[in-house]
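I opened the model to look up two positions and their surroundings. My entries follow in the order of the look-ups.

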Amino acid sequence: AVVSTQSTGGEKKEALGPVRYAVVSQPTKEYSSRIHKWFKDKGFGFTKTEVMDLETGRSHSVDVFVHVKCVQQHLRQYMREGRALNYTLKWDNGQTRPKACDASIIYEMGMFSEQTD
C-alpha cells in the first residue's frame with residue numbers, strides 16, 4: 001500500500017514508507033529473501049529488501065520485520081535463520097521499517113525431515 005507520494009525535481013515517485021524511502025519494485029510485488037535473524041521464543045525476526053532513498057536516488061537494503069503470525073500456520077514450526085521466504089511488504093505509518101505480509105516459506109530439500117523444537 002502506498003503511504004505517500006514524493007516529488008523530486010518535478011518527477012513524482014510513490015513512497016512506500018516514511019517520507020523518503022520507496023521500495024525499488026512495485027508495492028504489490030512478492031519479494032524473496034532469507035531470514036537473517038530469528039527470535040523463536042518471541043515469534044519474530046528480520047529479513048532484508050532493497051529500498052530507494054528518494055532524496056539521493058540510491059538503493060540500499062533495509063530490515064523487514066517478520067512476525068510468525070504472517071506465516072502460513074502449518075509452516076510456522078520451520079521458521080529459523082537462513083530460511084527462504086516469499087512475502088509482500090506493508091509499511092505502516094510511523095514505523096521505521098516495513099513488515100512482511102502473507103509470508104510463505106520456500107521449500108528446500110529435506111526441510112520437512114528437519115527436527116523441529
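Entry 1, histidine 36. I looked up the accessibility of histidine 36 and found 35% relative accessibility, so I recorded histidine 36 as partly exposed. I note that the model is a predicted one. I placed histidine 36 in the loop between β4 and β5, the latter covering 37–39.

Entry 2, surroundings of histidine 36. Leaving aside neighbours within four places in sequence, I listed Phe46, Thr47, Lys48, Asp63 and Glu81 as the residues in contact with histidine 36. With aspartate 63, I found a polar contact of 2.9 Å between the side chains. I also checked arginine 83, which is 47 residues from histidine 36 along the chain; their C-alpha atoms are separated by 8.3 Å.

Entry 3, strand β4. I followed the side chains along β4 (residues 31–34) and saw that they alternate. Tyr31 and Ser33 point to one face and are buried, whereas Ser32 and Arg34 point to the other and are not. I then looked up the pairing of β4 with β8, which is antiparallel over four bridges.

Entry 4, asparagine 86. Which residue of β4 stands opposite asparagine 86 in β8? I found serine 32 there. The side chains of these two residues, asparagine 86 and serine 32, are joined by a polar contact of 2.4 Å. Asparagine 86 lies in β8, residues 84–90. I recorded asparagine 86 as buried because its relative accessibility is 18%, under the 20% cut-off. Beyond four places in sequence, I found asparagine 86 in contact with Glu30, Tyr31, Ser32, Asp102, Ala103, Ser104 and Ile106.

How values were computed
Residues are numbered from 1 along each chain as its sequence is written. This is a predicted model: local features need pLDDT of at least 70, side-chain atom pairs count only at pLDDT 80 or more; totals for chains, interfaces and linings use all residues. Side-chain values use heavy atoms; hydrogens and water are left out. Helices (H or I, at least four residues) and strands (E, at least two) are DSSP runs, numbered from the N terminus. Buried means under 20% relative accessible area, exposed over 50%, partly exposed in between (1.4 Å probe, protein chains only). A polar contact is a pair of N or O atoms within 3.5 Å; within protein, one must be able to donate a hydrogen and the other to accept it, and residues adjacent in sequence count only if both atoms are side-chain atoms. Contact means heavy atoms within 4.5 Å. Two strands pair if DSSP finds at least two bridges between them.
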